[in-house]
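Here are some notes for a colleague who is opening this structure without having seen it before. Please read them alongside the sequence and the model.

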Amino acid sequence: MGIRDFWSNPADSGEQGVPTVEPAPEPAGVDSPPSTNVTVVKEATSTAPQEAALAEDPLVAPPSDMAGPAADSEGSVDSSESASDTRAVVNVEPPAALTSTASDGSGYRSYGDPARLTPIPRAPQPSSTRDGQGVPPDTAIEWFDAATMAVRGVSVRGHSHRYLGEPRQDAFAIGEFGGFLWLAVADGVGSRPHSHVGASIATLTAIASRELVSQAEGALSGSPEATDVTMGMLAAEMEAAARRESLEPDDMSCTLVVAAVRMSQAEDEGAQAVLWQLGDSCFLVDKGGDLIILNESGDEDALINTSTAALPRSLAARRWVIQLQPGDTLALATDGVSNLVAATPDYARDLSALWSDRAPSPSALLSVLDASVRSFDDDRTFVAIKVGRR
Amino acid sequence: MAVAATGGAGRQILPFYLVCDESGSMDGAPIQAINNALPELHQEIGSNPVVADKTMFCIIGFSDDAQVLLDLSDLSTVTGLPVLATRGGTGYGAAFRSLRQTIESDVKSLKAQGHKVYRPVVFFLTDGYPTDAGWESEYKALIDPSLSWRPNILAFGIGEADAATISSIATFKAFLADGSVGPAEALKEFATALTRSIVKSGTSATQEGMTLQAPDEVPGFTSLQVEPI
């Protein structure tokens, strides 16, 4: 897996032997009001006190030994580690106000404290990348209602990709093939320049794959428990496509989740779904309550794990079967959504509520999906099927 | 420690720690170069919305002891930057101990507020050989594999810093001033590398999370191999 990753350690095993927790100062700046623009000085103990005017010019540091009133504030100087030594502080101009448009009543939803990053792109997208690859549209929507199911698929470009003028690297595809309804979602690896191409190829191939059809038939007649399978033919398709486009296969790296849904013969018996998962995109299920992330690895003590398996280099996928009752919703999502759902209860609640009665309109789904949530600036893709009449 | 109300929303946060040598030999041009660079770093990071939304910055100065000069902060809300000041010897042990305690308490605090934390990044800058004995044990405690929050460390050496020591402290990248430019200029390049790393790491919205972006080369420095102690 040619992904340079310096953030996770395979030996991560969570926190052990946590030492005694001492009350610690809360990191300044997190959910606290900005410190007032006052220079704070502490009493000098190591040198003779001197009266000195503090320079107002932020670029000129006053001499290091200063004395003055020990004004106490929650400002940015912390002396918990030191004996009361002298520490001067220079005023700095707060950077230019970066209020996001999300908080100015433009109609964008937002959750949590306001993001500085605006959800609105700043420039039109180019029609192709520098290598001549096509650029997908900022937002993609597909949807339909059938007699016994409603399907909604939305994929939005992450707000940081919009800010930087980079393409959406998530992709999804929906189709009917071999007696199943197919849903596929792929998440292009961000550090790879053509991963949006890889994601597109992976999803389009997955929804029309004889290999997967025969796997699905086998899974439905066999045990529903999770089993490891390989996606060799998908990888081969991606590599063939890479050769056609004169690209490196690794530059098309992406995760992939696929669902093959077969409706029961009787209308009120719901459906069966065969699920494949390769990498950190995931499934969510809503059984008339909350959206639950399936197979979530819930190590609360761990830091954010940033490595993932990806096609075409990783071939191993987990495959299992679930039953869906009428009224249930099954969704495929990239981690831009699942991280957000896991971290933001209000967001999870609103996303789930869209599906409580019937499938939402695309615009209602887009409104929640594309909300402004500080620090969650990845592409977000959510493709769901609600089983049963409507 | 109170858990601040956030409306139920946790964030994804990337913490950066600057650990800066304040020993006597840094007096004059070197410490001034850092002090001049900090407001620029503040401006650049604070005004980039992608970065401002998810990175936090802490400054620790060390000499005979180590002091947290700036608590882990959202730089865009900081209006007072500490002034680094030179003092005595070069106590690596105090630096690593302070770093370990500070990171541990910061990560705990952030998690208690419902945030998710990326692996912390440390930029360690020194101009000399350590003057304290036994600092290796503090260092080992900091990078202990059983600590889920152990940081990635980039080490920079100028002046009398020892190449082998710099190599052994770094876990990710190591740089030694090559003497082609004076210390003030080299430190300017260091500050630029630090700023760029923060900005690029924060904006590399890779689908697998944030990738630590650090230069392969820094003008005025030689890249060293990272060697464990």
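1. In this predicted model, helix α7 of chain A, residues 362–369, lies across the strands β3, β4 and β15 (380–387) of chain A, and the helix runs at about 40° to β4(A).

2. The three strands beneath that description belong to an open sheet of six strands in chain A, whose order is β3-β4-β15-β13-β10-β11 and whose pairing is antiparallel. Its edge strands, each pairing on one side only, are β3 (139–146) and β11 (291–293) of chain A, and neighbouring strands of the sheet are turned against each other by 15° on average, direction ignored.

3. At the β3 edge of chain A, β3(A) pairs with β4(A), residues 149–156, in the antiparallel sense over eight bridges; within β4(A), the residue standing opposite A:Ala140 is A:Ser155.

4. Chain A also holds an open sheet of six strands in the order β5-β6-β8-β9-β12-β7, again with antiparallel pairing. Here β5 and β7 (227–230) of chain A are the edge strands, each pairing on one side only, while neighbouring strands are turned by 25° against each other on average, direction ignored. Inside this sheet, β8(A) and β9(A), the latter covering residues 271–278, run antiparallel and are joined by eight bridges, with A:Val274 as the bridge partner of A:Ala260.

5. Is helix α2 of chain A mostly covered or mostly uncovered? It is mostly covered, since 10 of its 12 residues are buried, including A:His196, A:Gly198, A:Ile201 and A:Thr205. Among the elements that cover the buried residues of α2(A) are β5 (170–177), β6 (180–188) and β8 (254–263), together with the helices α3 (210–221) and α4 (232–244), of chain A. The length of α2(A), residues 195–206, can be checked as well: at 1.5 Å a residue its 12 residues should span 16 Å, and because its end C-alpha atoms are 16 Å apart, the two values agree.

6. Turning to chain B, the largest nonpolar core has 44 residues, and those with the most contacts inside it are B:Leu18, B:Phe57, B:Phe123, B:Leu125 and B:Phe156. Elements of chain B that each supply at least two residues of this core include β1 (12–21), α1 (29–46), β6 (121–126) and α6 (183–203), and the largest share, seven residues, comes from α6(B).

7. Leaving aside neighbours within four places in sequence, B:Phe156 is in contact with residues that include B:Phe123, B:Leu125, B:Ile166, B:Phe190 and B:Phe221. Apart from the core of 44 residues lies another, of 36 residues, among them A:Ile201, A:Ala216, A:Ala241 and A:Met252.

Definitions and conventions
Residues are numbered from 1 along each chain as its sequence is written. Chains are lettered from A and ligands numbered from 1 in the order in which they are written. This is a predicted model: local features need pLDDT of at least 70, side-chain atom pairs count only at pLDDT 80 or more; totals for chains, interfaces and linings use all residues. Side-chain values use heavy atoms; hydrogens and water are left out. A nonpolar core is a set of buried Ala, Val, Leu, Ile, Met, Phe, Trp, Tyr and Cys residues joined through side-chain atoms within 4.5 Å. Buried means under 20% relative accessible area, exposed over 50%, partly exposed in between (1.4 Å probe, protein chains only). Helices (H or I, at least four residues) and strands (E, at least two) are DSSP runs, numbered from the N terminus. Contact means heavy atoms within 4.5 Å. Two strands pair if DSSP finds at least two bridges between them. Axes are lines fitted to C-alpha atoms, for helices over the stretch in contact, and angles run from 0 to 180 degrees between N-to-C directions. The expected span of a helix is 1.5 Å times one less than its number of residues.
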